[in-house]
Amino acid sequence: MDTKFLKIQADTLRFLSADMIEKANSGHPGAPLGLADILSVLSYHLKHNPKNPNWLNRDRLIFSGGHASALIYSFLHLSGYDLSLDDLKKFRQLHSKTPGHPEITTPGIEIATGPLGQGVANAVGFAMAAKKAQKMLGNDLIDHKVYCLCGDGDLQEGISYEACSLAGLHKLDNLILIYDSNNISIEGDVGLAFNEDVALRFKSQGFEVQNIDGHNFEEINKALEKAKNSKQPSLIIAKTTIAKGAGKLEGSHKSHGAPLGEDIIKEAKEKIGFDKNLTFQIPLEAKIRFESAIEIGDLEEAKWKEKLKNSNKKELLEKLLQPDFSKIQYPDFKGKDLATRDSNGEILNILAKNLEGFLGGSADLGPSNKTELHNMGDFVEGKNIHFGIREHAMVAINNAFARYGLFLPFSATFFIFSEYLKPAARIAALMKIKHFFIFTHDSIGVGEDGPTHQPIEQLSTFRAMPDFLTFRPADGVENVKAWKIALNKQMPSAFVLSRQKLKALSEPVFGDVENGAYLLKENDNPKFTLLSSGSEVSLCLDVANELAKQNITCNVASMPCFELFNQQENDYKKRILQGEVIGVEAANSNELYKFCHRVYGIESFGESGKDKDVFEHFGFSVSKLLNFIINQ
């Protein structure tokens, strides 16, 4: 490799990034300047087509340290992606294609990153998805690599431990992590809080580990070649200098999160032979070298298409790319009293049998979540992915499965442990990807396990999340209808499911699950409407019957999805919300005050005991709810 041209390419990346951050007067210049030499060399190893960012067999490049976004945008622009110089000049500006941290609306960005550690787990997920795709479609159609640039902060986050443990377990030889080891954090030297032997950690997890000078082009190149041919997942520990080339700020933690300043940039440009008075300059040599990715990528994709043309996997690939939900024969749960985790388990198995790309797993709770896909094998050959007790990594990995382009993943755990995965679920919502969450043991009905395992505030937090549907079905029929909706929505969905058996509901009298809330019992000019979800719906029906004996009219509405109901027209809402509206949920559901005059919920943590006793203790009985409605 010609080091002269590599240096020009690296400096072009450096100062495009520095100029972007300076113009925005906001950003993180340290990492882009420190990583520029690595990305300059990596550009010769990447298999990608800038004219088709969605080509299936492309290498995936993930920036786990999303604060280095100026560098990835510079690289994408130089390589010929649909990202103009004007887009670079709008870095961090409202509605630009170059936001502060990478988002999937930018051509060439594989997955939204920023919260540290997420990208490492995403990279593991992409590598796992590629292995599964390879198993299904063959080595001739899927043979790409997954590269991830990460830093000290990523490796301090627990999610990276979780994910890399799985990478080693599955011997993901298509995964190459490049660790930008600059020994600097926002507060100063990394040694203030982090002094472990990273190499030993990764070796113990089954990685091949190399140590290199992250500014030595020859060492970088040799390390990449070795990693590409490894039989293990690879970690390249690249010793770098933060803000390389930035004069007095080189090596300083002060360069991490603030612009370098015009004088320092001018001085640095002059030192390496750039015109100090020009901004956003791109030497012709760098432009030609980077843009060769277009011609090379076109050729690689053309060769791949020829392989696909002669492959017997074309039909399977089409089904994976465009799954057909219309012909699925769902179970008939009408009149059946079942725990919704049980009805959901049957649904999952039907979906997995009918949809080639439907797969997933639980954080070591498959038998309890009822998420085992029977007789469908284990990853990588089969559809059951065993994540172990790694909730956070599970969801970030499945976010990558969803972004890979072929798969419909689900992630499962107890509802209370959704707290461990919430940051990755939020990123799923931000990207509006089809990722399905199975949350069982949905309330104080958990019983003897007590308050540590009984969700109280979790419904509210998920309902507050934008672009995320939270279904809490009251019986198997609602569960089926919820899945039909979720499969056809371009956003993540959660199914919050009971451990205990629930009574089957009657047919709707107005509206349905697709409206978010619907009427099961309706009277003209009712005095009350009870609005509830899940296990509390049948309680509300029993209470309405008791009120009727006292000549008090009461409607009952099931609300399996707060978010969908919130989207309905006012006329529809008025039909549902008649009289004095009382929300009833075994949770701290303060969001119900948006629709309700009063809320009958729980304002404390739970208690340990038999589920029936715990429900009685918290007032979820006919007599106590009746007393609340009439006398309070």
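Is cysteine 150 best described as buried or exposed, and what is its relative accessibility? At 4% relative accessibility, cysteine 150 counts as buried, where buried means under 20% relative accessible area, exposed over 50% and partly exposed in between, with a 1.4 Å probe and protein chains only.

This is a predicted model, in which local features need pLDDT of at least 70 and side-chain atom pairs count only at pLDDT 80 or more, whereas totals for chains, interfaces and linings use all residues. Residues are numbered from 1 along each chain as its sequence is written, and side-chain values use heavy atoms, leaving out hydrogens and water.

**View 1. The open sheet has five strands in the order β1-β2-β3-β7-β6, with parallel pairing.** Strands (E, at least two residues) and helices (H or I, at least four) are DSSP runs numbered from the N terminus, and two strands pair if DSSP finds at least two bridges between them. The edge strands, β1 (60-63) and β6 (208-213), each pair on one side only.

**View 2. Strand β1 runs parallel to β2 (residues 146-151), and four bridges join the two.** Within this pairing, isoleucine 62 stands opposite cysteine 148 of β2.

**View 3. Cysteine 148 and cysteine 150 are not joined by a disulfide.** A disulfide is taken here as a pair of cysteine sulfur atoms within 2.5 Å, and the count by this rule comes to zero. The sulfur of cysteine 148 has its closest cysteine sulfur in cysteine 150, 5.1 Å away, which is too far for a bond. Cysteine 148 is itself buried, with a relative accessible area of 0%.
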